[in-house]
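Colleague: I should be grateful for a close look at one part of this model, explained for a student in the first year. Please proceed step by step and then place that part beside some others.

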Amino acid sequence: EIHYNAKHDSEAARFCLIPALGRREDAMAVMPVISHFDNTEDAPYLEYSFKVREDGEYKVYFQLLPCNPWIQGRKVKLCFDVDGSETIECKAVPEGYVAGESRDWGAGVLNHVHLVEASVKLKAGVNNLRFYGTDPENILERIIVLRKGCAVPVSFLGPDESVKEIS
C-alpha cells in the first residue's frame, strides 16, 4: 500500500516500493542502490501530508531498516524538510558505528529497525514532510510524529498508523 502523497524522481534515481520488507508492511528504497546525492536539489523525494492539532514542537521518528555505510567510514545522512523550510540533516548512523561490532548495529539487527529522531516545529493543521533519498542506505519503512515530551509507545511494531485522509 502506498502511503506518500507525492513522489518525485530525479534524473539519476527514484524511490521504489519493496513489498513485505520490514516489520510491518512495505518499505521504500532508492534505486539504483549506487545513487548518492550531496544535496537535496538533485535527490528524489517522497512527500507525506499529515495533520496536527496544535502549533508546537514535535519529534519525528524515521523508522528505517537497519543500515550500514556501504563504504566503510562514510557517514550516512538522512535529509528532510517540513513545508519547504530549511532542510534538516540527521546522522542516520552514529559516530563510531562499525557494522558487526557496534552496540547500535547489534540492536538494529535484533530489532530489525533503526530509528532516526529529529525535532521540528509544526503548525496546527496540515503539514507536508519531504523525505529525500540522499543516501541509498536509508530504506524507509514508516514515519512517526509525536508531540515533544510524548514517548513512542513501547511495542515491537510501534504505534498503529493514524487516519490517512487529509482534507
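In which sense do β2 and β3 pair, and over how many bridges?

Modeller: The model is a predicted one. In it, β2 and β3 pair in the antiparallel sense, over 5 bridges. One pair of bridge partners can be named: isoleucine 18 is matched by alanine 27 in β3. As for cover, 4 of the 5 residues of β3 are buried, and this strand is therefore described as mostly covered, where buried means under 20% relative accessible area.

The loop between the two strands deserves attention next. β2 spans residues 14–18 and β3 spans residues 27–31, and glutamate 25 lies in the loop between them. The relative accessible area of glutamate 25 is 37%. Because this value falls between the limits of 20% and 50%, glutamate 25 is classed as partly exposed.

What does glutamate 25 touch, once neighbours within four places in sequence are left aside? The residues in contact with glutamate 25 are then His3, Pro19, Ala20 and Glu141. With histidine 3 there is a polar contact from side chain to side chain, at 3.1 Å. Glutamate 141 shows how the fold can bring together what the sequence separates: glutamate 25 and glutamate 141 are 116 residues apart in sequence, yet 7.8 Å apart in space, taken from C-alpha to C-alpha.

A second residue offers a useful comparison. Asparagine 127 belongs to strand β9, which covers residues 125–132. Its relative accessible area is 0%, and asparagine 127 is therefore buried, whereas glutamate 25 is partly exposed. The side chain of asparagine 127 has a polar atom 2.9 Å from the backbone oxygen of lysine 123. Not counting residues up to four places away in sequence, asparagine 127 touches Tyr48, Ser49, Phe50, Val52, Val82, Asp83 and Leu122.

Finally, one may consider empty space. Rolling a probe the size of a water molecule over the atoms shows where such space is left. The second largest pocket has a volume of about 360 Å³. Its lining consists of 18 residues, and those nearest its centre are Pro69, Gly73, Arg74, Lys75 and Val93. By type, the lining divides into 8 nonpolar, 4 polar and 6 charged residues. Strand β7, residues 88–91, gives the most to this lining, with 3 residues.

Notes: Residues numbered from 1 in each chain as written. Predicted model: local features only at pLDDT ≥ 70, side-chain atom pairs only at ≥ 80, totals over all residues. Heavy atoms only, no water. 1 Å grid on protein atoms, 1.4 Å probe; cavity = no way out; pocket = protein on both sides within 12 Å on 5 of 7 lines; lining within 4 Å. Points joined across faces, edges and corners; volume = space filled by probe spheres on them. Nonpolar A, V, L, I, M, F, W, Y, C, P; charged D, E, K, R; others polar. Buried < 20%, exposed > 50% of the residue type's maximum accessible area, 1.4 Å probe, protein only. Contact = heavy atoms within 4.5 Å. Polar contact = N/O pair within 3.5 Å; in protein donor to acceptor, adjacent residues only side chain to side chain. Pairing = 2+ DSSP bridges.
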